[in-house]
Amino acid sequence: MPVDDHGHSHDQDHDQEDRFEERLGEALHQAGGAYETDRRALVAAGETRGHRLLLRRRAAVVAGVASVALVGLGGALLVPGGDGGRQSVATGAKTPVASATPKASYTGDELIGILEKLLPRGEFGSAEARGTNEKLPPYAQVVYNDGKGRAAVAVGFDRILPGSEQARQTVECPDKVLTPHDSCAVTRLADGSALKIVQGYEYPDRRADTKLWTADLVTPKGQHVGVSEWNAAAEKGAPVSRAEPPLSTARLKKLATAGAWLDVVDAIPVDPKAPTAAPAQPSGTHGGAVASTLVSLLPKGVKVVAKSGPDSGYAYVVVDDGKGRSLVQINVQPNMSDVEHKLFGAGTETLADGTKVVTREAPGEKGGAGVVMWTADTIRTNGFRVVVSAFNSGSQATAATRTAPALTTKQLRAIALSAKWRGLG
């Protein structure tokens, strides 16, 4: 973990390195979601769903709720627009080109050297890296100063299976309701690669703190280059040292698309056990049907002011009853019997037909000041689970705007137990 030029203790360095590797793992393995995604975290116990978990969009960073779609013959990439619609971004951007004679492997020092050469002229402080022949994915991070203040700049590398859900999510601008941010743009390069650039925050609920700007490049071959920059000398634990990260979106794009990085990805040893074809999409209920059913079950007196796009098994709406916005989100999941004992313990009510119900009132999970989460969780005898939560804010990551959610636990319970869900399951 890069530190300031005055130094830290060895234990502090080690702790920061652990935190950096944790963030890097998240950035490089979005399908693991651990983009911790909001959609997996309706209740804490829901994180134990194992392989049955439906892949959720990473709560990563852009306006709107529309999905990103690559358009083949049209030569354009559709990205969410700030008004909730879609805007077309012209293709034909410069394509990164790997060298003719790539190296078989790269040491951490070599990766640091490449990163420093690719950055604009400036001063460099502490640095750290991991080469391509180690067990964990390679990366390099340096403390860089262009004369306007020190900043951490990092680049990480991985392979992503082309056509997989992970590949789609890596270059998809996620929902702003789930993760507040300033901007996100996705462009398609001439060779079919996709580049996503996001201007967001290390702590989306505390925008006055560290800013985090990222760029993710994914090629048709599955080469993934992820660049991150902060307006501080470290992504966590260091004070803000400048108004913004040092690289503009244009320079961030230039760094992420540097051809040298493709050679680094190609030097990562191939796991012989890794799948060679994208797995079938996980079974589940279409998010559009979930969203429309949820809207039909809302109590009178609440107005829907925003809602999610389609996503298997998951949906949300933001409602307003005249007292402020309130987020309501729901997961519909078949075949959950194997984790039933972990989800339904003390306080569980068993109905006459065997359905189990538990309600909870707890603090929010994403750091919004004063946010509370009220939840009704249900599971039928066949393992069909419906869990719905409401919050006293329009987003988990923003401060509370009202004293309590717009829906009571009794109303949430009625929604979760509705017979309408049986038709979807």
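Select V318 first: this residue stands opposite L327 in β13. Two strands count as paired if DSSP finds at least two bridges between them, and helices (H or I, at least four residues) and strands (E, at least two) are DSSP runs, numbered from the N terminus. This is a predicted model, in which local features need pLDDT of at least 70 and side-chain atom pairs count only at pLDDT 80 or more, while totals for chains, interfaces and linings use all residues. Residues are numbered from 1 along each chain as its sequence is written, and side-chain values use heavy atoms, with hydrogens and water left out.

**Stop 1: strand β13 and its partners**

Colour strand β12 (residues 314-320) and β13. The two run antiparallel and are joined by 7 bridges. In their hairpin, 4 residues lie between the strands, and G322 takes a positive phi near 95°.

Now add strand β17 (residues 385-391). It runs antiparallel to β13, with 6 bridges between them. To see one facing pair, select Q329, which stands opposite S389 in β17. In a regular strand the side chains alternate between the two faces of the sheet.

Is strand β13 largely enclosed or open? In β13 (residues 325-333), 8 of the 9 residues are buried, so the strand is largely enclosed by the rest of the structure. Buried means under 20% relative accessible area, exposed means over 50%, and partly exposed is in between (1.4 Å probe, protein chains only).

**Stop 2: the whole protein**

Zoom out. The secondary structure comes to 9 helices and 17 strands. Of the 425 residues in the protein, 52% are buried. The protein exposes about 18200 Å², and carbon and sulfur atoms supply 53% of that area. Accessible areas come from the Shrake-Rupley method with a 1.4 Å probe; for residues, only the protein chains shown count as cover.

**Stop 3: the cores**

Select L115, F157, V225 and W261. These residues have the most contacts inside the largest nonpolar core, which has 31 residues. Such a core is a set of buried Ala, Val, Leu, Ile, Met, Phe, Trp, Tyr and Cys residues joined through side-chain atoms within 4.5 Å. Elements that each supply at least two residues of this core include α2 (108-118), β6 (150-159), β10 (223-230) and α5 (259-267). Which element gives the most to this core? It is α5, with 5 residues.

Stay on L115 and show what surrounds this residue. Leaving aside neighbours within four places in sequence, L115 is in contact (heavy atoms within 4.5 Å) with A140, Q141, V142, V153, V155, L255 and W261. Another core, of 23 residues, lies apart from the one just shown; among its residues are V328, I330, V388 and A416.

Next, select T214 in strand β9 (residues 211-218). T214 is buried, with a relative accessible area of 14%. Beyond its neighbours within four places in sequence, T214 is in contact with K196, I197, V198, V227, S228 and L252.

**Stop 4: salt bridges**

A salt bridge is a side-chain nitrogen of Lys or Arg within 4 Å of a carboxyl oxygen of Asp or Glu. By this rule the count comes to 10 salt bridges.

Select E172 and R168. Their closest N and O atoms are 2.5 Å apart. E172 is buried, at 3% relative accessible area, whereas R168 is partly exposed, at 30%.

Move to R413 and E349, a salt bridge with its closest N and O atoms 3.0 Å apart. R413 lies in helix α8 (residues 409-416) and E349 in strand β14 (residues 349-350), so the pair ties together parts that are 64 residues apart in sequence.

Then select R360 and D377, whose side chains meet in a salt bridge of 3.7 Å, N to O. This pair links strand β15 (residues 356-363) with strand β16 (residues 372-379), 17 residues apart. R360 is partly exposed at 26% relative accessibility, whereas D377 is buried at 0%. Add R385 to the selection: salt bridges that share partners join R360, D377 and R385 into one network.

**Stop 5: the disulfide**

A disulfide is a pair of cysteine sulfur atoms within 2.5 Å, and the count here is 1. Select C173 and C184, joined with an S to S distance of 1.9 Å. Their link is left-handed, with -70° about the S-S bond. C173 lies in the loop between α3 (165-170) and β7 (183-188) and C184 in strand β7, so the pair ties together parts that are 11 residues apart in sequence. C173 is buried, at 2% relative accessible area, and C184 is buried at 13%.
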